[in-house]
Amino acid sequence: MMAVVIREFGSPDGLEVVDLPVPVPAPGQVRITTEAIGVGGVDAVIRRGTLAAHGFREGHLLGSEVAGSVTALGEGVDASWMGRRVWAFTGLSGGYAEQAVASVEDVLSLPDGLSGADAVTLGGSGVVAHFALDRARLAPGETVLVRGAAGSIGITAVQLAARGGAGAVAVTTSSAERGGRLRDLGATHVVGRSGEGGPDAPSGFDVVIDVVGGPQLPLFLDRLNSNGRYVAVGVVGGQPPADFGTRLMAAFRRSLSFATFSSDTVPGPDRQAVRSSQFADAARGDLRTVVHETLPLDQAVPAHRAMDAGKVFGRIVLTP
Ligand SMILES: NC(=O)c1ccc[n+]([C@@H]2O[C@H](COP(=O)([O-])OP(=O)(O)OC[C@H]3O[C@@H](n4cnc5c(N)ncnc54)[C@H](OP(=O)(O)O)[C@@H]3O)[C@@H](O)[C@H]2O)c1
C-alpha cells in the first residue's frame, strides 16, 4: 500500500512516499481502507524532529486521524463493524496510508451526509474545543477570546461559544481576510496576533481559549477580567516564557485562573459522545467544518509546505 513516512527530520522535503505491507489488525483493532486523512499541526511538529526525545524516529509513518470503511477485524471485534464507514483516531502514527488500523474504542460510525473530509477536520479538534470551553465554564453573556482561531480547534470553538450565547466572541488572526471568514463563523470582534486593533473589541475577557502559547501569552493573561479563566490547548507559537506565572501572582487580587487542557484526560466514552453529537450537528449543517484543500496522499510534501508557510485556514485533507 502507498504510505508517507519521515525519511529525514526537518523540512517537508524529508517526507517520502513508500510502499509498505498492509497492516494486520491486532486483537481489538479494525483495519480501515482510508478515504480521507487529516493533516494536523502535530504532524508537522513530529516531522520537524521536535519530539525525537519522546521516541519518534526517522522512518515514522505519520498521521493520527482517518475516515474510510472497515475492511478487516482483529480478534474479539464485533462483526457488525465490517463494512461500516467510520472516523478513527490511529494514535500518533499510521494515518498517512491507504490502509490504517485503530482500536475499536477509537472508531466512530459516520452519520449519513458527513463526508470523510469533514469527519477528519472535526473529529479530533471539535472535542478539544468543546471540553476546553467546558473547563473554562463559559457562561451565557460572558466574553471570550479564541487565540489562534483560524485552525480547526479555533473554528469549532468560535462556533460553540457563539452558539452558547457568549456576549462577545473575539478572535486573533493574521489578516483581515481571515478575520472576515471567522466573522462568518460567529466571531464578533477580530484583533491581530498581538491582540492589537479591533477598536470596538472588549478590553478584557472572561475566558481565553489559547491554541498558540508562545512568547506573547502573558499579553493575553493581562486581558483577563477579574475571575477570568485562561485555558491553554496548544503551542503552535512555541512555549510561553518560563516566568509567565509571575503575571498571575502579580494580579492575585483579581482571582485569575490558568489551566492547560489535553483531551487525553477526558474518558474515551465522553469524547466519543461529544464527537458523535458534533458529527450529527455537522451532517445537519448546524456546525461548520472548514477543509482548506484536499490533496492526493502522494502530495503530503506540498501539504506540509502550506502548513509551514501559515497558509492554511481550517485543515488540509489527503485522499489516497
Ligand atoms: N489540547 C489538546 O487536547 C490538543 C489536541 C490536538 C492538538 N492540540 C494542539 O493544538 C495545536 C493545533 O491546533 P490547530 O490545528 O487548531 O491549529 P493550527 O491550525 O496549527 O494553528 C491555528 C492558527 O494559529 C495561528 N498561528 C500560527 N502560528 C502562530 C504564531 N506563532 N503566533 C500567533 N498565531 C499563530 C494561525 O492563524 P493566523 O495566521 O490567522 O494568526 C493558525 O492558523 C497544536 O499545538 C496541537 O499540539 C491540542
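# A walk from Arg-271 to the ligand shell

Leaving aside neighbours within four places in sequence, Arg-271 is in contact with Val-127, Ser-263 and Val-266. This is a predicted model, and Arg-271 makes a handy place to enter it. The residue belongs to helix H8, which covers residues 268–284. Is Arg-271 buried or exposed? Arg-271 counts as buried because 23 other C-beta atoms lie within 10 Å, where 20 or more are needed. Its C-alpha atom is also 9.7 Å from that of Gly-123, although 148 residues separate the two along the chain.

One of those contacts, Val-127, leads us to helix H3, where Val-127 is among the buried residues. H3 is mostly covered, with nine of its eleven residues buried. Besides Val-127, the buried residues of H3 are Ser-125, Gly-126, Val-128, Ala-129, His-130, Phe-131, Ala-132 and Leu-133. What do they pack against? Their partners are helix H2 (116–122), H4, strand S11 (205–210), strand S12 (224–232) and H8, so the helix that holds Arg-271 appears here again. Just after H3, Arg-137 adopts a positive phi of about 55 degrees.

From H3 we can step across to H4, one of its packing partners. H4 has twelve residues and reaches 17 Å from its first C-alpha to its last, close to the 16 Å expected at 1.5 Å a residue. Like H3, this helix is mostly covered: ten of its twelve residues are buried. They are Ser-152, Ile-153, Gly-154, Ile-155, Thr-156, Ala-157, Val-158, Gln-159, Leu-160 and Ala-161. Just after H4, Gly-165 takes a positive phi, this time of about 85 degrees.

Both helices also bring us to the ligand. Which residues come nearest to the ligand? Of the 28 residues around it, these are Gly-41, Gly-148, Gly-151, Gly-234 and Gly-237. The elements that give two or more residues to this shell are helix H1 (41–48), helix H3 (125–135) and helix H4 (152–163). H4 provides the largest share, three residues. By class, the shell is made up of ten nonpolar, 16 polar and two charged residues.

Now let us step back to the chain as a whole. It is divided into domain 1 (2–109 + 290–319) and domain 2 (127–264). The C-alpha centres of the two domains lie 29 Å apart. Where they meet, five residues of domain 1 are in contact with seven residues of domain 2. The domain 1 side of that meeting place has two nonpolar, two polar and one charged residues. The ligand draws on both domains too, with at least three residues of its shell coming from each.

The UniProt record, an unreviewed entry, places the feature "domain: Enoyl reductase (ER)" at residues 10–318. Over residues 10–318 the chain is 27% helix and 26% strand, and the C-alpha atoms at the ends of this stretch are 20 Å apart.

We can finish at Val-24, which sits in the loop between strand S2 (15–19) and strand S3 (29–39). How many C-beta neighbours does Val-24 have inside 10 Å? There are 11, so Val-24 counts as exposed, the cut-off being 12 or fewer. Arg-271, where we began, is buried. Val-24 has a distant partner in sequence as well: its C-alpha atom is separated by 9.6 Å from that of Gln-99, 75 residues apart along the chain.

Definitions and conventions: Residues are numbered from 1 along each chain as its sequence is written. This is a predicted model: local features need pLDDT of at least 70, side-chain atom pairs count only at pLDDT 80 or more; totals for chains, interfaces and linings use all residues. A residue is near a molecule or strand if its C-beta atom, placed from the backbone, lies within 6 Å of it. Helices (H or I, at least four residues) and strands (E, at least two) are DSSP runs, numbered from the N terminus. Ala, Val, Leu, Ile, Met, Phe, Trp, Tyr, Cys and Pro count as nonpolar, Asp, Glu, Lys and Arg as charged, and the others, Gly among them, as polar. Domain bounds come from an automatic or database domain assignment. Two residues are in contact if their C-beta atoms, placed from the backbone, lie within 7 Å. UniProt positions are given in the numbering used here, feature names are shortened, and annotations may be inferred rather than shown by experiment. The expected span of a helix is 1.5 Å times one less than its number of residues.
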